[in-house]
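This report goes through the side-chain pairs, the enclosed space and a few individual residues of one model. The sequence and structure come first.

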Amino acid sequence: MRVEIDTSNCSGHGRCYTLAPDIFGYGDDGFGTVLKSEVIGADEIAQARRAEAGCPERAVLLTDPEEG
C-alpha cells in the first residue's frame with residue numbers, strides 16, 4: 001500500500017504521526033511527513049488506515065497498487 005500526505009490539505013494537527021508513528025513523522029514546521037511511502041504487513045497497514053481515518057482534513061492518502 002502506498003502512503004502520501006496531500007500537503008495542500010494538511011493543517012498540522014499531528015494525528016497522522018500520533019496514530020501511526022512508524023509511518024509518519026513531522027517536520028520543523030510541525031506538519032506531517034511520510035517516513036515510509038510503502039507499507040506492508042498487517043500492523044503497518046492498520047496504522048496507515050488509522051491515520052487516514054483520523055485525519056480531519058483527509059490529507060492522508062492511501063492507494064493500493066493491486067487495485068489498479
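## Salt bridges

The count of salt bridges comes to two. The structure is a predicted model, and the values in this report are computed from it.

One of the bridges joins Glu38 to Arg2, with 3.4 Å between the closest N and O atoms. Glu38 sits in the loop that runs between strand 3 (32-34) and helix 2 (42-54), while Arg2 belongs to strand 1 (residues 2-5), so the bridge ties together parts that are 36 residues apart in sequence. Glu38 is partly exposed because its relative accessible area of 43% falls between the limits of 20% and 50%. Arg2 is partly exposed as well, at 34%.

In the other bridge, the side chains of Lys36 and Glu44 meet at 2.2 Å, taken from N to O. Is each partner of this bridge buried, partly exposed or exposed? Lys36 has a relative accessibility of 31% and counts as partly exposed. Glu44 has 15% and counts as buried, because the limit for a buried residue is under 20%.

## Aromatic pair

A search of the whole structure returns one aromatic pair. Tyr17 and Tyr26 make up this pair, with ring centres 4.8 Å apart and 40° between the planes, an arrangement classed as tilted. The class is tilted because the angle of 40° is neither under 30 degrees, as stacking requires, nor over 60, as edge-to-face requires.

Tyr26 is exposed, with a relative accessible area of 57%.

## Cavity

How many cavities of 30 Å³ or more does a search of the whole structure find? The search finds one. The volume of the largest cavity is about 90 Å³.

The lining of the largest cavity consists of 13 residues, and those nearest its centre are Cys10, Gly14, Arg15, Cys16 and Cys55. Sorted by class, the lining holds seven nonpolar, four polar and two charged residues.

## Pro21 and Gln47

Pro21 is placed in the loop between helix 1 (15-19) and strand 2 (24-26). Its relative accessibility is 49%, and Pro21 therefore counts as partly exposed, since the class of exposed residues begins over 50%. Outside its neighbours within four places in sequence, Pro21 is in contact with Leu35 and Gln47. The C-alpha atoms of Pro21 and Ala51 are separated by 9.5 Å, with their positions 30 residues apart along the chain.

Gln47 belongs to helix 2. At 5% relative accessibility, Gln47 counts as buried. With residues up to four places away in sequence not counted, Gln47 touches Leu19, Ala20, Pro21, Asp22 and Ile23. The contact between Pro21 and Gln47 thus links the loop between helix 1 and strand 2 with helix 2.

## Glu52 and Arg58

Which residues does Glu52 contact, leaving aside its neighbours within four places in sequence? The contacts are with Arg58, Val60 and Leu62. Glu52 lies in helix 2 and is partly exposed, having a relative accessible area of 29%. Glu52 and Glu4 are 48 residues apart along the chain, and their C-alpha atoms are separated by 9.9 Å.

Arg58 is located in the loop between helix 2 and strand 4 (60-63). At 60% relative accessibility, Arg58 counts as exposed. Phi of Arg58 is near 60°, a positive value in a residue other than glycine. Most residues other than glycine have a negative phi. The C-alpha atoms of Arg58 and Ile5 are separated by 8.9 Å, and the two residues are 53 apart along the chain.

How values were computed:
Residues numbered from 1 in each chain as written. Predicted model: local features only at pLDDT ≥ 70, side-chain atom pairs only at ≥ 80, totals over all residues. Heavy atoms only, no water. Phe/Tyr/Trp six-rings, centres within 6.5 Å; stacked < 30°, edge-to-face > 60°. Buried < 20%, exposed > 50% of the residue type's maximum accessible area, 1.4 Å probe, protein only. 1 Å grid on protein atoms, 1.4 Å probe; cavity = no way out; pocket = protein on both sides within 12 Å on 5 of 7 lines; lining within 4 Å. Points joined across faces, edges and corners; volume = space filled by probe spheres on them. Nonpolar A, V, L, I, M, F, W, Y, C, P; charged D, E, K, R; others polar. Salt bridge = Lys/Arg side-chain N within 4 Å of Asp/Glu carboxyl O. Helix = DSSP H or I, 4+ residues; strand = E, 2+ residues; numbered from the N terminus. Contact = heavy atoms within 4.5 Å.
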